[in-house]
Amino acid sequence: MILPVKISGLSAGYRPGHPVLKDIDLEIMPGDFLALIGPNGGGKTTLLKVILGLIRPMSGTVRVFGRSPGDETGRIGYVPQMIPGATFPVTVMEVALMGRLGLRGMWRRYTPADRLAAIHNLHLLGVADLAAEPMDNLSGGQRQRVLIARALAGEPDLLLLDEPAASVDQKTQESFFNLLALLNKKLTIVLVTHDVGAVSSYVRTIACINRVLVSHGETLPAEAVARAYGCPFELVTHGVPHRVIGSAEGSGDSGGEP
Amino acid sequence: MIEALSYAWMQNAVVASILSAIACGVIGTLVVVNRMSTLTGAVAHASFGGLGLAYLLGMPPMAGAVLVSMGTALGVGAISSGTRREYPDTAMAAFWATGMAAGLIFVRLRGGYAPDLMSWLFGSLLTVSRTDLVLAGSLDLLVLLLVGGLFKELTAVSYDSEFSRIRGVRTALIRSVFLALTALVIVMLMKISGLIMVMALMTIPAAVARMFTKGLRRMMILSSILALALSLGGLALAYVLDLPPGAVIILLAGALYFISHIVKN
Ligand SMILES: Nc1ncnc2c1ncn2[C@@H]1O[C@H](COP(=O)(O)OP(=O)(O)O)[C@@H](O)[C@H]1O
Ligand SMILES: [Mg+2]
């Protein structure tokens with residue numbers, strides 16, 4: 001079976017000799033809705049960038065839909081962690097259209113089909129009425145929704161979202177997670193978040209990442225281990241399969257608390 | 001006033017203004033939204049090193065200027081991207097200073113006075129040649145062709161280069177096209193109107209246009225119109241007041257810039 005993501009023995013980071021991620025094994029099944037949790041600096045964003053092909057692995061193998069990261073162009077939708085305060089003269093519609101880049105080659109203009117896809121997804125996210133507005137005039141939450149519409153406009157099979165709910169209010173958050181659950185019927189989703197309580201009733205699996213993988217799947221929810229690595233295990237509702245990706249430093253069983 | 005248009009040099013100046021305005025509006029817009037206004041100064045000053053080198057080796061000055069300006073623009077791009085992550089403005093300052101100093105040394109090594117070089121620094125719209133106009137026209141064509149054809153890529157890479165890369169855009173190539181075009185336009189403008197005009201016309205019309213437009217396409221069109229209005233207005237005013245046109249045009253541009261900021265608030 002070709003998995004959306006298959007990672008084995010991965011080490012990756014920004015400086016040679018200083019891997020941020022170590023010995024990661026992770027398989028993401030088709031149709032999964034995976035919440036990727038973990039402390040700040042644990043390497044969640046880094047892992048997404050490896051999957052996207054933005055960072056080359058130092059060692060290990062990464063396969064995205066059976067191919068090298070970056071080669072599967074068009075199949076991944078990405079919603080980056082928000083850059084606050086960035087200003088640029090571009091309209092909401094133009095941003096949503098960027099999601100279609102992979103489907104149109106160089107020297108080609110966007111087609112009516114591209115526009116349709118862009119506006120459809122803006123509508124889905126409830127920001128279609130802002131299509132002609134400059135991005136700069138939008139609130140943080142509105143901007144975030146445009147970026148999600150942009151990712152969806154590319155008709156991805158795998159959607160990676162990096163803390164998308166960070167600047168969204170409670171009520172919007174709920175409808176947003178409901179939307180993701182709906183989308184999940186058609187595509188695989190990886191959601192980076194540090195609010196596992198808010199997502200636990202929507203997601204299918206949870207992985208905690210703090211530099212390395214410690215335990216995996218439903219078989220080993222070693223709470224003490226997880227705590228030792230800064231993963232908020234008590235927040236995880238029962239019945240959700242967990243994967244714990246823990247710290248490279250320190251030994252797993254020093255956590256103590258039951 | 002009108003009779004001035006019957007002079008060949010005035011006709012040339014008007015055509016030169018039109019041709020410069022197109023390049024300024026289109027490339028200046030990309031420079032401004034990429035927050036690389038300083039690049040204009042860096043490339044223009046560093047290319048002085050190329051002029052000096054050409055002077056020393058007896059090459060055509062244009063060749064030296066193109067070589068070094070391209071090297072500067074692409075060099076700044078390379079140093080401030082990828083894993084090196086140097087601040088772009090630091091890289092620009094380094095190229096800026098090094099290029100200027102090299103130019104001074106080259107001129108000194110060759111010995112003597114270099115009047116040609118002065119015209120590059122303080123060039124004048126009133127002395128543009130036919131060849132300059134042909135070159136400027138060709139460059140405009142190239143700019144319109146490349147920016148028109150790669151518009152969605154140039155916009156996307158300027159706005160969110162990482163996302164563009166993920167969507168399969170060859171971001172390094174697109175960025176290099178942008179930087180190389182910028183270098184060429186700067187050399188062309190220097191030849192036509194001198195160094196200081198380059199900095200003013202590449203940045204001010206685009207900066208003002210940004211305040212009043214919400215998309216890149218309109219920003220390019222508006223800044224081209226503004227650049228043209230400033231150039232022609234400056235030329236006319238300079239003729240009437242008997243002042244150097246370059247300086248008058250820049251003063252007008254500066255006034256427009258500050259007034260726009262006041263109006264906008
Ligand atoms: N561009 C970068 N260059 C160097 N180090 C980085 C960079 N981005 C992140 N890091 C480091 O990598 C580690 C993991 O960061 P990140 O993946 O962003 O964590 P998370 O998303 O889980 O908060 C941190 O220690 C951070 O300092
Ligand atoms: Mg992060």
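Helices (H or I, at least four residues) and strands (E, at least two) are DSSP runs, numbered from the N terminus. This model is predicted: local features need pLDDT of at least 70, side-chain atom pairs count only at pLDDT 80 or more, and totals for chains, interfaces and linings use all residues. Residues are numbered from 1 along each chain as its sequence is written, chains are lettered from A and ligands numbered from 1 in the order in which they are written, and side-chain values use heavy atoms, with hydrogens and water left out.

**Exercise 1. Describe the fold of chain B by its elements and its overall dimensions.**

Step 1. List the elements. From the N terminus on, they run α-α-α-α-α-α-α-α-α-α-α-α.
Step 2. Count by type. Chain B has 12 helices and zero strands.
Step 3. Take the box. Along the principal axes, the C-alpha atoms fill roughly 55 × 50 × 35 Å.
Step 4. Test the radius of gyration (over C-alpha atoms; the globule rule is 2.2 Å times the number of residues to the power 0.38). For 265 residues, a compact globule would come near 18 Å, and chain B agrees because its value is 18 Å.

**Exercise 2. Place ligand 1 and find its polar contacts.**

Step 1. Locate the ligand. Ligand 1 sits between chains A and B.
Step 2. Collect the shell (residues with a heavy atom within 4 Å). Its members include A:Tyr14, A:Lys44, A:Arg211 and B:Arg85.
Step 3. Find the main contributor. Helix H1 (residues 44-52) of chain A gives the largest share, three residues.
Step 4. Sort by class. Ala, Val, Leu, Ile, Met, Phe, Trp, Tyr, Cys and Pro count as nonpolar, Asp, Glu, Lys and Arg as charged, and the others, Gly among them, as polar. The shell holds three nonpolar, six polar and three charged residues.
Step 5. Look for polar contacts (N or O pairs within 3.5 Å). A polar backbone atom of A:Lys44 is 2.8 Å from a ligand oxygen. Polar side-chain atoms of A:Thr45 and A:Thr46 also lie by ligand oxygens, at 2.7 Å and 2.5 Å respectively.
Step 6. Check the cover, using Shrake-Rupley areas with a 1.4 Å probe. Alone, ligand 1 exposes 560 Å², and the protein buries 65% of that.

**Exercise 3. Characterise the largest cavity.**

Step 1. Fix the term. On a 1 Å grid over the protein atoms alone, a cavity is a set of points where a 1.4 Å probe fits but cannot get out; lining residues have an atom within 4 Å of a point. A volume is the space filled by probe spheres set on the points, which are joined across faces, edges and corners.
Step 2. Search. The whole structure has four cavities of 30 Å³ or more.
Step 3. Read the volume. The largest has about 50 Å³.
Step 4. Name the lining. Among its residues are B:Leu30, B:Asn34, B:Leu154 and B:Phe178. H7 and helix H9 (171-193) of chain B each supply at least two.
Step 5. Classify. Five lining residues are nonpolar, two polar and one charged.

Notes
Polar contact = N/O pair within 3.5 Å; in protein donor to acceptor, adjacent residues only side chain to side chain. 1 Å grid on protein atoms, 1.4 Å probe; cavity = no way out; pocket = protein on both sides within 12 Å on 5 of 7 lines; lining within 4 Å.
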